[in-house]
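Visitor: I am new to this structure. Please show it to me, and let me ask why things are called what they are called.

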Amino acid sequence: MEKIFVLDTNVLLHDPMALNAFHEHRVVVPMTVLEELDHIKDRRDKDVSREARIAINAIDKILFKANPKQIQEGVEIPVAREGERNGTLAIFPDQLISHDTAAPYLDGSQQQANDNRIINVALHLQLKNPEAYVCLVTKDINMRLKAKGSGLENVEDYRRDRVLDDIQYMAKGYEYSPGRFWDRVDSVDTLREGAQTVHVLSRSVLPHVHINQFVYDDSGFVGLVRAVDDERVELLDLCRDQLMHQSMWGLSPRNMEQAMAFFLIAQADIDMTVLTGPAGSGKTLIALAYGLHAILEDKRFDKLIVARSTPPIAEDIGFLPGTEEEKMAPWLAAFDDNLEVLHGTDESPFSSIEYVKDKANIQFKSLNFMRGRSFNNAYIVIDEAQGLTQFQLKSIITRVGANSKIVVLGNLAQIDNKYISPLTSGLTYLVEKSKHFAHAGIMHVNGIERSRLAAFAEENL
């Protein structure tokens, strides 16, 4: 069956290279989508305007040699790999069907009018191609509902960036084994490497583990996957009591997930740590405590850089007077709160906090101004990463230079971006893509330690 996919503007903004995702099928871009991209490319919203320009250039690269008739009928999209079949890209002049009785045009605001024009294109193609599978692809839930209500048979979300079918399958960084873990093991080779004990098991015992993942049970055993291949798993034997009695900058773990996060974040050969979990689980506190310890006591880094996404997706920070740090301060008040927790019992907490900020060279940065830079000898914390796309996170992580470590924090239950869900969040993408990287660590910090009221609210409200 011939397949025709009509793309909404938000698909090309979400993934500017989405044209390559539909393989041998026909891709149709309505003229209204080009008009919206043209309007967006000049916005001051730098992330979105950049993605609009990339999408326009990708369309132009395919169509620039074609004549008007070929553009309306479809031009072959170059394939990335040999042996793949070419799809086609066509521009549909939707202004010609605005009064088509088969696809009635609905009045409304300019944005509603644009949405309706795009829906009309799909309805028109469905009418003219009754044997084909005609599908509107959009990330706008309400537009999907409108399209179905208007009689369009096939409407889909854009799924290319999904690395999971269900968020419950996202890597947590540990595998809990009820009862006694060793009851599941038929044979094991145990090696001594100095003060360390390493267990070598068959991969069939732990078929789904990845590098730097923890395994623990009810009997007190805790192991860290040090190496893994198709046949074997190497587990570094860790002492549960020692994990629970770790201390960084006066902070100690209160539960097993925090203890594993403490251990993971402190490993010298791990360049990136991703901490996920509910509000109040201690992610920010752990990241900050280790940063202060590593900079002021171990002298591992020269500065601590803190950034987070702000409501307009980490864009403008305004034209009011003040430095970048002063403008970002309201968005990064959580770090001041955590500094107060770490130094609240000092004789002069305010003086201690100011001293630490100065000595640790803590810098508050806007994500927008991190592009193009290279951060060497730095400890970088990205907070509230759940609202970032995979492209935004990639642009940040590629800034990390020599002798630097980055910690990415996020809670997938608190996404503010209307086009991002837990399944399409850049944080989910980062976890799944980096879990097999030997120099990355992942931990889902469970348990809400902020207060009993916060725990009640998270679980019941």
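Guide: We can begin with strand S9, which is mostly covered, as five of its seven residues are buried. Keep in mind that this is a predicted model.

Visitor: What makes a residue of this kind count as buried or exposed?

Guide: Buried means under 20% relative accessible area, and exposed means over 50%, with partly exposed in between.

Visitor: Why is Cys135 called buried?

Guide: Its relative accessible area is 0%. The cut-off is under 20%, so the term buried applies to Cys135.

Visitor: And what is Cys239 called, by its relative accessible area?

Guide: Cys239 has a relative accessible area of 36%. That value lies between 20% and 50%, so Cys239 is called partly exposed.

Visitor: How many disulfides does the structure hold?

Guide: Zero. A disulfide would need a pair of cysteine sulfur atoms within 2.5 Å.

Visitor: Back to S9. What makes S8 and S9 a pair?

Guide: Two strands pair if there are at least two bridges between them. S8 and S9 (residues 196-202) have five bridges, in the antiparallel sense, so they count as paired. Along this pairing, Arg192 stands opposite Thr197, and Asp189 stands opposite Val200. The hairpin of S8 and S9 has two residues between the strands, and Gly194 there takes a positive phi near 65°.

Visitor: Which strand does S9 pair with over five bridges, besides S8?

Guide: S9 also pairs with S12, again in the antiparallel sense. In that pairing His199 stands opposite Leu235.

Visitor: In what order do the six strands of the open sheet run?

Guide: The order is S7-S10-S11-S12-S9-S8, and the pairing is mixed.

Visitor: Why are S7 and S8 called edge strands?

Guide: Strand S7 (174-177) and strand S8 (189-193) each pair on one side only, and that is what the name refers to. From one strand to the next, the twist averages 30°.

Visitor: How do you know that S7 and S10 pair?

Guide: Four bridges join S7 to strand S10 (residues 214-217), in the parallel sense. The requirement is at least two, so the two strands pair. One of the bridge partners is Val215 in S10, set against Glu175.

Visitor: What packs on the sheet?

Guide: Helix H8 does, touching S7, S10, strand S11 (221-228) and strand S12 (232-239). The direction of H8 makes about 150° with that of S10.

Visitor: Where do H8 and H9 meet?

Guide: Gln258, Ala261, Phe262 and Ile265 in H8 meet Ile286, Ala287 and Tyr290 in H9. By class, this contact has six nonpolar residues, one polar and no charged. The axes of H8 (residues 256-265) and H9 (residues 283-297) come within 10 Å and cross at roughly 35°. The crossing is right-handed.

Visitor: What makes Ile71 and Ala90 a contact?

Guide: Contact means heavy atoms within 4.5 Å, and Ile71 touches Ala90 by that rule. Leu63, Ala66, Leu89 and Ile91 are also among the residues that Ile71 touches. Ile71 lies in helix H4 (residues 68-73). The C-alpha atoms of Ile71 and Ala90 are separated by 5.3 Å, although the two residues are 19 apart along the chain.

Key
Residues numbered from 1 in each chain as written. Predicted model: local features only at pLDDT ≥ 70, side-chain atom pairs only at ≥ 80, totals over all residues. Heavy atoms only, no water. Axes fitted to C-alpha atoms, helices over the stretch in contact; angles between N-to-C directions. Left-handed = near helix turned anticlockwise from the far one by under 90°. Nonpolar A, V, L, I, M, F, W, Y, C, P; charged D, E, K, R; others polar. Buried < 20%, exposed > 50% of the residue type's maximum accessible area, 1.4 Å probe, protein only. Lists of a residue's contacts leave out its neighbours within four places in sequence.
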